[in-house]
Amino acid sequence: MTWIDEHGRSLEDYARPSVAVDVALLTLDAGGRLAVVVHGPTGAHTRGLPALPGTFLHVERGETLREAALRALRDKIGVTGREPAQLRVFDDPGRDPRGRVLSVAHVDLVPHDRIQDTTGVLAPVEDGTLPYPLAYDHDLVVAHALAWARERYAAAPDPAGLVGEEFTLLELQGVHEAVEGRRLQKDTFRRRVADGLVETGQVRAGTVGKPARTFRRR
């Protein structure tokens, strides 16, 4: 039996936008800067600009949004073994020159060594600014991904494990400064993260001054 709504129309009477998935994969580059993985450009529809890894949802195959996001990471930038979270839907009617496309953006924040073999390019996101524009509305996707990462790091010392299993407070502060995009006052920062850390009882020799105590996440 065909479903009919209160206006006498079935699903076939309504235009169906395409659904895409785009993934903002954030990490720290070799210089300790926050960066996002991009690739391309891949065709005229990107207007000569690089883009976040993304793909269309294969509705006819019964594919889920999660499966599409994982496929985009694997096929576009050679990354596997991740579980990106849904970020938000981007639905501006003019966001894609090919037609009406809704994008369900995903986000992940990972240590660099987990994606060191990526075929993508790391674009630094210093002070919230990319070094070049991205295709579609991917600059806006990255801006929301940054807000997501900063919210997580405001709530916990190192939820993504960017600094490693054991670290000094100076190393942890460097990660927070990269994610938050600002300089932090040392004493204020250490009070902020103290409850989430446990001392290892070990020290690490530094280049100057006395050896620094090391910590791990509580």
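**Exercise 1. In which loop does Asp127 lie?**

Before solving, some ground rules. This is a predicted model, where local features need pLDDT of at least 70, side-chain atom pairs count only at pLDDT 80 or more, and totals for chains, interfaces and linings use all residues. Residues are numbered from 1 along each chain as its sequence is written, and side-chain values use heavy atoms, with hydrogens and water left out.

Step 1: Find the elements, which are DSSP runs numbered from the N terminus (helices are H or I, at least four residues; strands are E, at least two). Asp127 sits in the loop between β6 (121–124) and α2 (138–155).

Step 2: Check the backbone. Most residues other than glycine have a negative phi. Asp127 isn't a glycine, yet its phi is positive, near 55°.

Step 3: Check the surface. Asp127 counts as exposed because its relative accessibility is 64% (buried means under 20% relative accessible area, exposed over 50%, partly exposed in between, with a 1.4 Å probe and protein chains only).

**Exercise 2. Describe Tyr136 in the same way.**

Step 1: Tyr136 also belongs to the loop between β6 and α2.

Step 2: Tyr136 has a positive phi too, about 55°, although it is not a glycine.

Step 3: With 23% relative accessibility, Tyr136 counts as partly exposed.

**Exercise 3. Work out the surroundings of His138.**

Step 1: His138 lies in helix α2, and at 1% relative accessibility it's buried.

Step 2: Skip the neighbours within four places in sequence, and His138 is in contact (heavy atoms within 4.5 Å) with Asp22, Ala51, Leu52 and Arg95.

Step 3: Look at Asp22 again. Its side chain makes a polar contact with the side chain of His138, at 3.4 Å. Such a contact is a pair of N or O atoms within 3.5 Å; within protein, one must be able to donate a hydrogen and the other to accept it, and residues adjacent in sequence count only if both atoms are side-chain atoms.

**Exercise 4. Which residues lie nearest the centre of the second largest pocket?**

Step 1: Know the term. On a 1 Å grid over the protein atoms alone, a pocket is an open set of points where a 1.4 Å probe fits, with protein on both sides within 12 Å along at least five of seven lines; lining residues have an atom within 4 Å of a point.

Step 2: Of the 22 lining residues, Gly54, Thr55, Lys76, Arg98 and Tyr136 lie nearest the centre.

Step 3: β1 (18–28) and β3 (54–56) are the elements giving two or more residues to that lining. The largest share, three residues, comes from β3.
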